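Here is a short report on how helices and strands pack in one model. Read it with the structure open.

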Amino acid sequence: MSQKKREASTKNRDPQRPEVTPTEKNPEKKSPASDGPSRPRKEPQRHQPTREQRDHVVLRLAGDSGDGMQLTGNQFTRTSALFGNDVATLPDYPSEIRAPKGTLPGVSAFQINFSSLDIHTPGDRPDVLVAMNPAALRVNLTDLEPGAIIVANTGTFIEREFKKAGYTTNPLEDGSLDGFRVISVDISYLTNQALQEIDLSTQVKDSCKNFFALGLMYWLFNRPMTATESWIKEKFKPTPTLCEANLRALQAGWAYGEATELFQNTYEVPPTVLPPGKYRNINGNSAVALGLIAAAQKSGRPLFYGSYPITPASDILHELSRYKKYDVLTFQAEDEIAAMCSTIGAAFGGSIAATATSGPGLDLKEESIGLAYIMELPIVIINVQRGGPSTGLPTKTEQSDLLTAIYGRHGDADLPVIAASSPPELFHMTYEAVRLAVKYMTPIILLSDGYLANGAEPWNIPKYKDLPPIKVNFRTDPEGFQPYLRDPITLSRPWVVPGTPGMEHRVGGLERDAETGSVSQDPLNHEKMSKLRADKVMRIADDIPPAVVEGSQEGDILIVSWGSTYGPIQSIVQQFVDGGDTVGHVNLRYLNPFQKNLGEILKRFKRVLVFELNFGQLCLLLRGRFLIDARSYTKVQGQPFKQFEIHRAIERELKDMRAGKGAAK
């Protein structure tokens, strides 16, 4: 049966009984001829979709911000991870708490790339889009792969919703979707029918339609529903009626896919072959929280976390508040300044101290960060970058706080800054931040971003015994003690817990004498102390691993990235190498100071191309520090790079090089 005939057949089916499977039809019902002599009955032919194997699928679920797309996407991600796939996700939701229903600004989407291979991005173009309303279709249509499947909730494709979405005609009927495989399903109606025996309002029943859509996707991709069913039972345990409604909606979605002839194929993505270990699915904010706890446990000190809620960093506070039994104290301050100052007090008192913020929150903390810098106290400041300036794009991603992180204070007070390139790596870089802060007695900034914070990937949980040690050496010997006498190797000053007998001392924002710690306005002492603090930060370069080049080790082009841009670049570089081009890639996890071998790496290539989600901040640093003609490829759209954008940029640069032309952009 052709696709058009199948869809026509579906439209003509009795909508009152779409959820009834053939096996549920009365098996005892006799044919008109059954009263006569018994004859063999010819079973009706039933369409059996073929099962097609794919190495990966990109699925996007999109709807109104109240349709539960983030929840549905997270459940599909969790199930795929449990199934054994490698997964990468991209939640994309509006900043408005509740944009007008059915409008373009109110569209919320969740994209997941699940694969049998090792993947590093949520995918460029979705293969399947579930559009819960016309606005969701309009916003996401241009991103789709040609020939992609669109599952449209026809229950919302009505005149009123068309106007909100800016459509003048029904896109399901005007031919504008001819390049796609459109599956029309009245998800709203079918959900209501599945729940008709449950005593809930129509509005509440309608809110369960996301689980109907999820059940349908589970059937289409041959995913088990057990994990989601268990999650629903636990989540809605206090409200049994709502629990039953969501379970029925989920199961009805599966049954509808199985009973109808909507799809020619179902799809199977086999499990990924992963290194042995114990895995869990983790997003960036959870990884930061667990990294802080692990580091505090390893150091033998309590963890203090002072924070003021701000998108998209707030989930770190929520996550940490669940771990009080691990000597974790969380404090929700009245503002960013109080949050930062509370960590200064905690660090002075001997705790592992941390805070997190985003964008404008980092600006507000800066004066207090300067205080922590001159007091030389170990504090980890996590900045989950978002689109700026000001309130900007609070739910979108960006990398435009790099220069603020390094230089954002008055006086000469550049801080050590590190970054992670994936949600699982945020665990390790958070742990590393604590190690460096304690060893060098300095505040340190860890850069994450909105994409890493909310995106999720499988995480091979490290064994606690394998984590490197974090040594806390409180000075307890008063003999010869001076608060600013320094370790000759790290230049760190001693850390003394207040109340240690014979070691009373004062610290503060005023400049201190280089040894006694007494307030000093001496000009030469100030210059000496400024150099000591700066030299201490630079000595961290002796304590970090060298930069690693992937792909070609020398040749035409070196791609430089940092943070979340790593994922989409990695596989593209390998494609050029496989094609015979000499293209290398170095991803920087240490941004101040740089790794000691970076300068030598940069010199091995004819051109250096820097990819970052800002207007060229890292490129500016590389040009200034290493006096090279680094070139910048940037994007400031609140979205991560897509692989085809990177491929196109490198291809153009190679073409220009061979033609003897100058800068690509």
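The text covers confidence, then two sheets, then one helix pair.

This is a predicted model: local features need pLDDT of at least 70, side-chain atom pairs count only at pLDDT 80 or more, and totals for chains, interfaces and linings use all residues. Residues are numbered from 1 along each chain as its sequence is written, and side-chain values use heavy atoms, with hydrogens and water left out.

The average pLDDT (the predictor's confidence in each residue, from 0 to 100) is 91 for the chain. At least 70 is reached by 92% of the residues. Residues 1-41 stay under 50. For that stretch the model has 33 contacts (heavy atoms within 4.5 Å) beyond four places in sequence.

Helices (H or I, at least four residues) and strands (E, at least two) are DSSP runs, numbered from the N terminus. Two strands pair if DSSP finds at least two bridges between them. Axes are lines fitted to C-alpha atoms, for helices over the stretch in contact, and angles run from 0 to 180 degrees between N-to-C directions.

One open sheet has seven strands, ordered β11-β10-β12-β13-β15-β14-β20, with mixed pairing. Its edges are β11 (328-332) and β20 (590-592), each paired on one side only. Neighbouring strands are turned by 20° on average, direction ignored. Within the sheet, β12 (residues 352-357) and β13 (residues 379-385) run parallel, joined by five bridges. A354 stands opposite V380 of β13.

A second open sheet has five strands in the order β17-β19-β18-β21-β22, again with mixed pairing. β17 (549-551) and β22 (631-634) are the edge strands. The twist averages 30° from one strand to the next. Six bridges link β18 (residues 555-562) and β19 (residues 583-588) in the parallel sense. I559 has H585 in β19 as its bridge partner.

Four helices pack on these sheets:

| Helix | Strands touched | Angle |
|---|---|---|
| α10 (residues 284-299) | β10, β11, β12, β13 | about 145° to β10 |
| α12 (residues 336-348) | β10, β11, β12, β13 | about 165° with β12 |
| α18 (residues 566-578) | β17, β18, β19, β21 | about 160° to β19 |
| α21 (residues 643-658) | β18, β19, β21, β22 | about 155° with β21 |

How do α2 and α7 pack? Helix α2 (residues 69-83) meets α7 (residues 209-220) at about 30°, with axes 10 Å apart. The two are therefore roughly parallel (angles under 35 degrees). From α2, the contact residues include F76 and T79; from α7, they include F211 and Y218.

Conventions. Parallel < 35°, antiparallel > 145°, perpendicular 65-115°, else oblique.
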